Amino acid sequence: MKEKKRIRERLIGMRDDLSPVEIDKRSDTIAEKLYSDYRFKKAETIFIFTSFGSEVDTHRIIEELLSMGRSVCIPKIMGKHLMAAVRIGSLEELRPNKFGILEPLEGEEVAPQEIDLIVVPGVAFDRRGYRIGYGGGFYDAFMSRVPEVDKIALAYDLQLIDRIDNESWDIRVDTLITESTTYHFKRIREYGIVVGSMTPGPLNRITDVEGVLVGHTTIDTQRNKTGVSLVIPSRENPFLHKLTASAYVLNGFGKTTGLIQLEELGQLESPIALTNTLCVGRVQDALVGHMIDSCTREGVEPISLNTVVAECNDSYLNDITHRAIEEEHLLKAISNAYRDFSEGDVGGGKGMSCHSLKGGIGSASRIIKVGNREYTLGVLVQSNHGLLSDLTIGGRRIGKDIQEVLQTHDRVDKGSIITIIATDLPLTSRQLKRICKRASVGMARTGSYMGHGSGEIVIGFSTANKKEHSGGDPIVEHTSLREDLMDLPFRGVGEAVEEAILNSMVCSSRVEGVRGARETLTDFMYLI
C-alpha cells in the first residue's frame, strides 16, 4: 500500500505540472480516440466519470454525449465503497461532493446491468490493465458487479507504468486510451470466443506450469519498435538442473540459436529469449553473460553453454538495421519476469505483424488430466506470420471481411512464428517432439499456410525429470506418459496455440512504424 501511495503522489504531481493548454490539447486527442471506438459508437447508456483537477477533461465528452441523445450516467457516492449511476440531462445538475468531484444531487438511479459502457478514471495504469485509483475502492466495487460491460479508461501517457502490484479484488479495465496510443487488455475469451473443449489453467498462460516465468523489455521509439521477451523455464538454474526438451522446425526460414545441441541431447539449459532477427547475436551474448554470472554464483564455471534465442523479422514496423537491443534490455526482462505477464505488442512482440494486422506475444494453457492427477501444458507465441485474407477465428474466415473494411489486399507471407511449449507432464524428448509437431494444428486453425518466407519454429520442454549437470548415479531413471495417452497433450497444444495467437492479436495496440502501420484486431471484433 505504501508503494501505491508513492506512485499515486508522484503521478498526480506530474499530471498537475501540465499546463491548462496542454491538458486541453491532450484531452481533445483522447476524446477523439474515444469517439472513434466501435464500443463507444454502439453504446446507448454510458457511465462516465466527471473529471476534476488535472484529469483528462470529460466535461466536453459528457456534453457531446448529451447532444447526441445518449443516456449519460454520472457516479454518485452513496457510502463506503458504494457508488450509484445516476442519469443526467445536463451538467448544470451537478454539484461538488465532499471530494470536490461533481456529482448529481438527485436523479434516476440506473441499474448497472443497463449500462453499455463504463468510462473509468485512474492515477496509474499498467500493460495488463490494472489501475491505481484514489484509494476509495469505488470503481473496483462498481465494476465487479458488471464484469461483462466494457470498461475504457482515459489517461495521459505519463500515467502508464511498468507494473502495478494488484490485489485479488482489483478489476482490470479492458482498454486504456492515452494521447498517443489505445491499449487493449481484453483477451479472446472475454469476447465470448472459446477455443476448443479443454479447461485452461488459472491464468490461461504458459506460466500456469509451475516455475515458469515470462519477462519483457520493450523499446518503443520513433525509430525502433522492438524488444526482447524471455521464458524462464524453472526457478532453478537450468544449466545446473537441465530440463527435458525438443524442437521441431515446420519451416526453417529462421535464425534460432541453440537448436542443434538441444536436439542432440534432448535438454534445455538456458532461458529462451525471443527478439528480432538482427539482434539475435546481441541477445545471445547477453544471455551467455547472465548464465555465466548465475553459474559462478553457485560455484560452477560454465565453460560451454547452449543458449536458445529465437527471432522473427519485425522490419515492417522497426528500423531493424539500427540494432537497438543492448545487454541491459535482456537483464531488465529477467528482473521483470512474472507469472501474470503482459501480452500483445510488448517485448519481442512490439514490432511484429500477424495476418497483416498487429501481432506480438500471446499465451494460453490447458489442463491435462491423467488418471487422478492434473498436469498443465502452456504455450507462448511470438506471432509474425500469415495473410489477412486467411485469418480465421472460430472457424469463420473473418480476414476477408477486414480486408473489405480496410480496402487492402494480401502481400507475400514472409513473417514467422515462434512457439514455446512448457509442461509439467513427464515426457521423453521424443514425445515432446511429437507434441511440438502438433503446434501446426493451432496455426492452421487461425489460417496459416506457412509460406516460403515464414519461419515456424517450435520449442518444447518439460519441468519433470530434471537432470543434474554433473554427479549423481551413473544410471538415471526417467518417467514418461504412456504412448496411448498422447492424444491429450496433442489436443491441448493445438487448442493452446490457436488461442495464444488470437490473444497476441487482440491484446495488441495499433502501431505506426518505419514502413507503415498495423491495425489491431480489436477494432474489427464487431465483425464477428
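This report walks through two sheets of a predicted model, the helices lying across them, and one loop residue.

**The eight-stranded sheet**

Let's start with the bigger picture of this sheet: 8 strands form an open sheet in the order E6-E3-E2-E1-E7-E10-E11-E12, and the pairing is mixed. Its edges are strand E6 (109–110) and strand E12 (182–184); each has a single partner strand, so one side of each lacks a neighbour in the sheet. At the E6 edge, the partner is strand E3 (residues 82–88), and these two run antiparallel over 2 bridges. One pairing to look for there is valine 86, whose bridge partner in E6 is glutamate 109.

Further in sits strand E1 (residues 45–48), which is covered on both faces. Side chains in a regular strand alternate between the two faces of the sheet. In E1, Thr45 and Phe47 are on one side, Ile46 and Ile48 are on the other, and all of them are buried. The cut-off behind that word is under 20% relative accessible area.

E1 has parallel links to two strands. With strand E2 (residues 71–79) it shares 3 bridges, and with strand E7 (residues 117–120) it also pairs over 3 bridges. Isoleucine 46 is a handy residue to click on: it stands opposite valine 72 in E2 and opposite leucine 117 in E7.

How does the chain get from E1 to E2? Helix H4 (residues 59–67) belongs to the unit, and E1, H4 and E2 together make a right-handed β-α-β arrangement. H4 lies across E1, E2, E3 and strand E10 (150–154), and it runs at about 130° to E2.

**The four-stranded sheet**

The other sheet is open too, with 4 strands in the order E13-E14-E17-E18 and mixed pairing. Strand E13 (213–220) and E18 stand at its edges with a single partner strand each, so one side of each is left without a neighbour in the sheet. On average, neighbouring strands here are turned by 15° against each other, direction ignored.

Is strand E17 (residues 272–276) enclosed or open to its surroundings? It is largely enclosed by the rest of the structure, because 5 of its 5 residues are buried.

Strands of a sheet pair through backbone hydrogen bonds, either parallel or antiparallel. E17 shows both senses: strand E14 (residues 225–232) joins it antiparallel through 3 bridges, while strand E18 (residues 308–312) joins it parallel through 5 bridges. Here are some bridge partners that involve E17:

| Residue | Bridge partner |
|---|---|
| valine 231 | isoleucine 272 in E17 |
| serine 229 | leucine 274 in E17 |
| isoleucine 272 | valine 308 in E18 |

Isoleucine 272 thus turns up with valine 231 and with valine 308 in E18. To get from E17 to E18, the chain passes through helix H7 (residues 280–297), and this β-α-β crossover is right-handed.

**Helices over the four-stranded sheet**

H7 lies across E14, E17 and E18, running at about 155° to E18. Helix H8 lies across E13 and E14 and runs at about 45° to E14.

Two packed helices are described by the angle between their axes and the distance between the axes. For H7 and H8 (residues 327–335), the axes come within 8 Å and cross at roughly 55°. That angle makes H7 oblique to H8. As for handedness, the crossing is right-handed.

Which residues meet between the two helices? From H7 come Val283, Ala286, Leu287 and His290; from H8 come Glu327, Leu330, Leu331 and Ile334.

**A look at threonine 408**

Finally, a loop residue. Threonine 408 sits between helix H9 (399–406) and strand E23 (416–423). Its relative accessibility is 29%, so it counts as partly exposed. What does threonine 408 touch, leaving aside its neighbours within four places in sequence? It is in contact with Leu388 and Gln403. Valine 458 is 50 residues away from threonine 408 in sequence, and their C-alpha atoms are 31 Å apart in space.

Note on methods. Residues numbered from 1 in each chain as written. Predicted model: local features only at pLDDT ≥ 70, side-chain atom pairs only at ≥ 80, totals over all residues. Heavy atoms only, no water. Buried < 20%, exposed > 50% of the residue type's maximum accessible area, 1.4 Å probe, protein only. Pairing = 2+ DSSP bridges. Right-handed = clockwise from strand over helix to strand, strands pointing away. Axes fitted to C-alpha atoms, helices over the stretch in contact; angles between N-to-C directions. Parallel < 35°, antiparallel > 145°, perpendicular 65-115°, else oblique. Left-handed = near helix turned anticlockwise from the far one by under 90°. Contact = heavy atoms within 4.5 Å.
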